[in-house]
Amino acid sequence: MHDTTGTKVFRVVTITLLSIFTIIPIYVMVISGLKPLKDVQGTFSWWPETLTIQPYIDMWKTVPLADYFVNSVIVSTVSTVLSLIIAIFAAYAVSRYTFRGRSLFSGAVLSTQMLPGVLFLLPLFLIFVNINTNFGIQLVGTRAGLIITYLTFSLPFSIWMLAGYFNGIPRELDEAAKVDGCGPMRALIKVILPAARPGLVAVAIYSFMTSWGEVLFASVMTTDANRTLAVGLQLYSTQTNVYWNQIMAASVVVSIPIVIGFLLLQKNFVAGLTAGAVK
Amino acid sequence: MSASTAVKNTGPAAGATGRKARKPRRQGWWLPYALLAPAVIFELFVHVVPMVTGIWMSFLKLTKMFISNWGNAPFVGLKNYQVALDFDSAVGMGLLKSFGITIAFTLLVVGISWGLGMAAAVALQKTFKGRAIFRTLFLIPYALPMYAGVIAWKFMLQKDNGALNHLIFDNLGLPGDKPFWLIGDNAFISVVIVAIWRLWPFAFLMLMAGLQSIPTDVYEAASVDGAKPLRQWWNITLPMLRPVNISLVLVMFLWTFNDFNTPFVLFGGSQPPAGDLISFHIYNASFLTWNFGSGAAMSVLLLLFLMVVSGIYVLFMNRRKDNA
């Protein structure tokens, strides 16, 4: 099949314009992280007069970035693991069992996407404070509070995506395992999970990205003890100076792990979405 | 997890006692409920209970004086709602303006993001050399932590040392003074562009995934019949993508309408009136004036609006499916 001229023009124009739109902010971020402070405070230049890696050294001192990094890694990893386990169980139930309340559950799960964060931000904060005064469990200013909050943010989409993925795995496989004497749990672990690998990877990436990038709850629920990168990156603006070069350098550093991880696993992600979305 | 084991222990026993009265339950009927229990418990704890508390708070006079002891805040009935919906007062007027800005913002961002995502997905539908590179490139803004991308834009949009003014006035040589992009009326354009930059890759990703399920021989048959590319898109691609589009548009609408992060990171403390999106507006109304009852009432109104719009949308889409 040959492409018409119109198709070719459309393709070249679309790809060119979208590439420029996509690249410019990324280019500005990378190049500005390599400039000395006086260069980012003066008129912008597309190519720096002096290239320096100094911002990448100074950024750890201006703000305790390493601490925030550790907090973000712990919070995102633990919430991802927990969210994945919980989503696997729920998706297994939705995909393999008919039971009363099934459609209610599925509908309720997706409708949480509708809730404005500002509606439950303050109540959740006050509930956390009350739990602390009544039961002595500290949730504000600790990583545990953030982990619990974040795992529920990714849960609805994860359940929906995984249920779609499980539906694509033939029932005969786990029926056969059950005939061989596997219980429902063993059938899940031995048969379904290995077959659903791409879906699991997709859900894990999605959960991790959700936690790593969350700003609203991080700015209210964290103190110096558990501050994450999302809040930490905004602390480079002091009253006297805005360290744009260090902000850009820090942005590059916090982006690299997640962007590389996502791009390496993007095939799984697309496969997971295809299973979930196209039913 | 403790809850799910508790259900497991009591489950079969409860089934045995109920057996006489009702029809016998299948063995292991409790298993799906046990599997759902952890998800339900966490969703209840983080979403449902705070939501109900938030609705309760919207009926209280919850100002600074009562915040440490909010159980004692006086009940004021619908007073907070009256104030929020009284468009002659400053509070009501501010909310109405913010609502209008958010509607314009959402229509522009969702519409353009969908268009760009569709264009890119179609442009990359057929294999060609270098396709994987562009696919990867287009997904970077989605993979980037949200605040990193928006902070880069914030730097680009600075008046004196930003890249955008440099491009327009120094490189392209347009006459005039460099404008502010994050203060004044331009703030609206800025927040729209930044939000599109973040959102369109998601539309691209979903549509690309959807396109993979369309068999290529459908297109071949159509082009043998002499259908032009635009006709093929209209008659094949669009109908085949309908299931994806229905959920994609709804999800993008909800995310964009509730978007707090983009204005918060882009504008920080200095909120320009033109970029006063509704989540950001409610946040500021609550935390700057310490009037949390009023903020809760506004949030409930926002939720009601989103529920009505989503409900109508779902009904409408289901009806069209039934008619087709």
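Guide: A helix here is a DSSP run of H or I with at least four residues, and a strand is a run of E with at least two, both numbered from the N terminus. The model is predicted.

Visitor: What pattern does chain A follow along the sequence?
Guide: The secondary structure of chain A comes to 14 helices and 0 strands. Read along the sequence, the pattern of chain A is therefore written with helix symbols, the helices being DSSP runs: α-α-α-α-α-α-α-α-α-α-α-α-α-α.

Visitor: What percentage of the residues of chain A count as buried?
Guide: The C-alpha trace of chain A spans about 70 × 70 × 35 Å along its principal axes. A residue is buried if 20 or more other C-beta atoms lie within 10 Å of its own. Among the 279 residues of chain A, the share that counts as buried is 46%.

Visitor: Among contacts in chain A with a separation of 6 or more, what share comes from residues 24 or more positions apart?
Guide: Two residues are in contact if their C-beta atoms lie within 7 Å. Of the contacts in chain A with a separation of 6 or more, residues 24 or more positions apart account for 75%.

Visitor: How far apart are the end C-alpha atoms of residues 147–166 of chain A?
Guide: The unreviewed UniProt entry annotates several spans of chain A as "transmembrane region", including 68–92 and 147–166. Residues 68–92 of chain A are 100% helix and 0% strand, with end C-alpha atoms 36 Å apart. Residues 147–166 of chain A are also 100% helix and 0% strand, and their end C-alpha atoms are separated by 26 Å.

Visitor: At which residue of helix 13 of chain A does the kink lie?
Guide: Helix 13 (residues 244–264) of chain A has 21 residues and reaches 30 Å from its first C-alpha to its last, close to the 30 Å expected at 1.5 Å a residue. That helix nevertheless has a kink of about 35°, shortly before the proline A:Pro257. The kink is at A:Ser255.

Visitor: Which helix gives the largest share of the side of chain B that touches chain A?
Guide: The contact takes 73 residues from chain A and 78 residues from chain B. On the chain B side, the largest share is 17 residues, and these come from helix 2 (residues 31–57) of chain B.

Visitor: How many residues of the side of chain B that touches chain A are charged?
Guide: The residues on this side of chain B divide into three classes, with 57 nonpolar and 19 polar. The charged residues there number 2.

Visitor: What distance separates the centres of domain 1 and domain 2 of chain B?
Guide: The domain assignment gives domain 1 as 1–57 and domain 2 as 89–290 of chain B. Taken over C-alpha atoms, the centres of these two domains of chain B are separated by 41 Å.

Visitor: How far apart are the end C-alpha atoms of residues 99–313 of chain B?
Guide: The unreviewed UniProt entry places the feature "domain: ABC transmembrane type-1" at residues 99–313 of chain B. That span is 74% helix and 0% strand. Its end C-alpha atoms lie apart by 19 Å.

Visitor: Is B:Trp197 buried or exposed?
Guide: B:Trp197 lies in helix 8 (residues 186–211) of chain B. Leaving aside neighbours within four places in sequence, B:Trp197 is in contact with A:Phe21, A:Pro25, B:Pro141 and B:Gly149. The cut-off for a buried residue is 20 or more other C-beta atoms within 10 Å. B:Trp197 has 23 C-beta neighbours inside 10 Å, so it counts as buried.

Visitor: Which residues is B:Pro229 in contact with, leaving aside neighbours within four places in sequence?
Guide: B:Pro229 is found in helix 10 (residues 229–240) of chain B. B:Pro229 is partly exposed, because 17 other C-beta atoms lie within 10 Å. With neighbours within four places in sequence left aside, the contacts of B:Pro229 are A:Thr4, A:Gly6 and A:Thr7.

Visitor: What is the C-alpha to C-alpha distance in space from B:Val110 to B:Phe45?
Guide: B:Val110 belongs to helix 4 (residues 90–123) of chain B and counts as buried because it has 25 C-beta neighbours inside 10 Å. Not counting residues up to four places away in sequence, B:Val110 touches B:Val249, B:Met252, B:Phe253 and B:Thr256. B:Phe45 is 65 residues from B:Val110 in sequence, and the C-alpha to C-alpha distance in space is 31 Å.

Methods
Residues numbered from 1 in each chain as written. Chains lettered and ligands numbered in written order. Predicted model: local features only at pLDDT ≥ 70, side-chain atom pairs only at ≥ 80, totals over all residues. Nonpolar A, V, L, I, M, F, W, Y, C, P; charged D, E, K, R; others polar. Buried ≥ 20, exposed ≤ 12 C-beta atoms within 10 Å, placed from the backbone. UniProt positions renumbered as here; feature names shortened; annotations may be inferred. Domains from an automatic or database assignment. Expected span 1.5 Å × (residues − 1). Bend = angle between axes of the 7 residues up to and from the residue.
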